[in-house]
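Student: Could you take me through this structure by asking, at each step, what the evidence for a description is?

Tutor: Yes, and we can begin once you have it in front of you.

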Amino acid sequence: MRRLLLAGNWKMNGLPADGAALARGLAQRLIDAPAVDIAVFPPFLSIPGVVAALKGTSIVVGGQDLHPAASGAHTGNTSGEMLKAAGCGSVLVGHSERRSDEGEAGEFLAQKTRAGLRAGLQVIFCCGETLEERDANRTLSVVRGQLADGLSGLTPTELERIVIAYEPVWAIGTGKVASPQQAQDVHAAIRSWVGQTWDAGTARAMRILYGGSVKPGNAAGILSQPDIDGALVGGASLDAASFDGIVRAQAQEA
Ligand code: PGA
């Protein structure tokens, strides 16, 4: 019922020409991809070239960040409306690297979520605990707190355009992937929180992605879990063959 979403977060990697070449590689490889949703999140300056390279494919292009305002005196920022006009269909909010590098949290992220919806974008809202928080048995309270801060007040209709990405900070870019069971446990808890906060139908429909060192070799085990509806992939999305391998790993499992 929930369609899998495989999303590639390119972070601050590649010049615009590299991004366009990677997009062309993905378009070629994924032409006969299984029936899943696919999205890529290039650096801002690469977005126009990637949008052009993916024209005519069903691969969605997204922004890695946005500012809460539509326009104005916000030097260095980019709005959801600008992303939408550039051909984007999605945006990441609350990625752990923005939380740690830029100190983003709380109400500011809620504003970004609402700005993405206002601009007509899908919002992939990221959450996840640090190793210290996991060791202190605080995983679920941290994750629920981040989600409550970022999503509370949204209506069930607005939530149809929200995707949650659970990304344990200790697994991002470290090569340490959560075990399928560890990830499934948190995903199930997130789904039950959505059900308690809104309703059972919203919880059943909500897509929850796992992120953190997903690779072709570990994707099938993660994606076969009942509450895991896709992956947000960093490092392994920078190579067309390995991202393709992740997309096809799920097909074998399905
Ligand atoms: P990683 O990054 O796959 O390189 O661990 C995931 C992410 O940060 O979204």
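Tutor: Start with strand β1 (residues 5-9) and strand β8 (residues 230-233), which run parallel and are joined by four bridges; please keep in mind that this is a predicted model.

Student: How do you know that β1 and β8 are paired?

Tutor: Two strands pair if there are at least two bridges between them, and β1 and β8 have four bridges, so they count as paired. One of the positions involved is Leu6, whose bridge partner in β8 is Ala231.

Student: What makes the sheet a barrel?

Tutor: Eight strands, in the order β1-β2-β3-β4-β5-β6-β7-β8 with parallel pairing, close into the barrel. Neighbouring strands of this sheet are turned against each other by 25° on average, with direction ignored.

Student: Which helices pack on the sheet, and which strands does each touch?

Tutor: Among them is helix α7 (residues 139-151), which touches β5 (122-127) and β6 (162-166) and has a direction at about 150° to that of β5. Helix α9 (residues 180-197) also packs on the sheet, where it touches β5, β6 and β7 (207-211), and its direction makes about 150° with that of β7.

Student: Why is the pair formed by His95 and the ligand called a polar contact?

Tutor: A polar contact is a pair of N or O atoms within 3.5 Å; an N or O atom in the side chain of His95 is 2.7 Å from an oxygen atom of the ligand, and therefore the pair qualifies. By the cut-off of 3.5 Å, the backbone N or O atom of Ser213 that lies 2.7 Å from a ligand oxygen atom qualifies too, as does the polar backbone atom of Gly235 at 2.8 Å from an oxygen atom of the ligand.

Student: How much of the ligand does the protein cover?

Tutor: On its own the ligand has 280 Å² of accessible area, and the protein covers 95% of that. There are 13 residues around the ligand, of which Lys11, His95, Glu167, Gly173 and Ser213 come nearest, and the shell divides into four nonpolar, seven polar and two charged residues.

Student: What is notable about the backbone of Lys11 and of Ser213?

Tutor: Lys11, in the loop between β1 and α1 (16-29), has a positive phi of about 55° although it is not a glycine. Ser213, in the loop between β7 and α11 (216-223), has a positive phi of about 60°, and it is not a glycine either.

Student: What makes the pair of Glu133 and Thr130 a polar contact?

Tutor: A polar atom in the side chain of Glu133 lies 2.8 Å from the backbone nitrogen of Thr130, and the cut-off is 3.5 Å, so this distance falls within it. Glu133 itself lies in helix α6 (residues 131-135), and it touches Arg138, Thr139 and Val142, not counting residues up to four places away in sequence.

Definitions and conventions: Residues are numbered from 1 along each chain as its sequence is written. This is a predicted model: local features need pLDDT of at least 70, side-chain atom pairs count only at pLDDT 80 or more; totals for chains, interfaces and linings use all residues. Side-chain values use heavy atoms; hydrogens and water are left out. Helices (H or I, at least four residues) and strands (E, at least two) are DSSP runs, numbered from the N terminus. Axes are lines fitted to C-alpha atoms, for helices over the stretch in contact, and angles run from 0 to 180 degrees between N-to-C directions. Contact means heavy atoms within 4.5 Å. A residue is near a molecule or strand if one of its heavy atoms lies within 4 Å of it. A polar contact is a pair of N or O atoms within 3.5 Å; within protein, one must be able to donate a hydrogen and the other to accept it, and residues adjacent in sequence count only if both atoms are side-chain atoms. Accessible areas come from the Shrake-Rupley method with a 1.4 Å probe; for residues, only the protein chains shown count as cover. Ala, Val, Leu, Ile, Met, Phe, Trp, Tyr, Cys and Pro count as nonpolar, Asp, Glu, Lys and Arg as charged, and the others, Gly among them, as polar.
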